[in-house]
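Notebook open, model loaded. I start with the whole chain and then pick one helix to look at more closely.

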Amino acid sequence: MILEVRNGSFGYAKNVPVLKDICFSLTSGQIVAVLGPNGSGKTTLLRAALGSLKWQNGGSFLDGKSIRSIPTREFFSHVAYVPQARNGSLPFTVLETVLLGRTGQLDVFSAPKKEDVALAEEVLQELGISHLAAKRCSELSGGELQLVLIARALAQKPSLLILDEPESNLDFKNQLIVLDTISKLKEKGIGCLFNTHYPAHALQRADKALLLSPGGSYLFGQTQQIVTEENLRTYFGVEAAIRRLQTDHGEVLDVVPVCVLSENHGI
């Protein structure tokens, strides 16, 4: 399955583009990272790609078909969205929250069936959070809640998963748990598109990267060709060093910010 954006343009104010002629694609079994400084339109891109914002020009397509012509229920049976985790926003238990992901598969006013509960429990087990099933989401840590939101999305049985900054505001351990989960989903043939503030995470996990700049310009391609020291200077206004680190678990690419460049440097 392929989700494409073709020549997508969007702006909140007239003649002030946030995104301009954006073209990119996400395929099942592929990871795509979206990067850019604050104000470059990362979350706006996700919302427009999913149809919650209407492109002013261009459009989003699922397997070549405009998503505007696909019923919402059908579209979200193939594509799932994971918002940023916010503690206290869900008054349900973990299992109840994951079961919400099955509502698109149920008839109106129908209660979850035994097979729906079994699927929700299976997803919790796959993500290693079965022990949280009876706990209320308001009592979870940020990392736990992020995994619950991913579990809710996976309960939809999607082919493509869209995540909005899934590792932000998490400690090192929980960042790794979320990133490892994304990598495991790729192995299962699920395509993942995620926004991130961390260029190193894109280099370490993503097959392709979409780099956005305030004003609408962008780059899209193989991650190591897009996330380069030169492009970080141009798009972020930061001198950064990309280094290969040898660890007991193999080679890891890392990005170290060195200094902020002058304000007139960049695009």
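**Whole chain**

I went through the secondary structure of this predicted model and got nine helices and 12 strands for the chain.

Next I looked up the overall dimensions. The C-alpha trace spans about 60 × 50 × 30 Å along its principal axes. I checked the radius of gyration too: a compact globule of 267 residues would come out near 18 Å, and the chain has 19 Å, so the two agree.

Then burial: 47% of the 267 residues are buried. For the surface I noted about 13,300 Å² exposed, with carbon and sulfur atoms supplying 50% of that.

I also looked at contacts with a separation of 6 or more. Of these, 66% join residues 24 or more positions apart.

Charges: I have 26 positive and 27 negative ones, and their mean positions sit 6 Å apart.

**Helix H5**

How many of the 13 residues of H5 are buried? I found 11, which leaves the helix mostly covered. H5 runs over residues 142–154. From first C-alpha to last it reaches 18 Å, close to the 18 Å expected at 1.5 Å a residue.

I listed the buried ones: Gly143, then Leu145, Gln146, Leu147, Val148, Leu149, Ile150, Ala151, Arg152, Ala153 and Leu154. I note that Arg152 and Gln146 are on that list.

What do the buried residues of H5 pack against? I get three helices, H3 (94–99), H4 (114–126) and H6 (172–187), along with strands E6 (79–82) and E7 (160–163).

Terms used:
Residues numbered from 1 in each chain as written. Predicted model: local features only at pLDDT ≥ 70, side-chain atom pairs only at ≥ 80, totals over all residues. Heavy atoms only, no water. Helix = DSSP H or I, 4+ residues; strand = E, 2+ residues; numbered from the N terminus. Rg over C-alpha atoms; globule rule 2.2 N^0.38 Å. Buried < 20%, exposed > 50% of the residue type's maximum accessible area, 1.4 Å probe, protein only. Contact = heavy atoms within 4.5 Å. Areas by Shrake-Rupley, 256 points an atom, 1.4 Å probe, with all protein chains shown as cover. Lys, Arg positive; Asp, Glu negative; His and termini not counted. Charge placed at Lys NZ, Arg CZ, Asp CG, Glu CD. Expected span 1.5 Å × (residues − 1).
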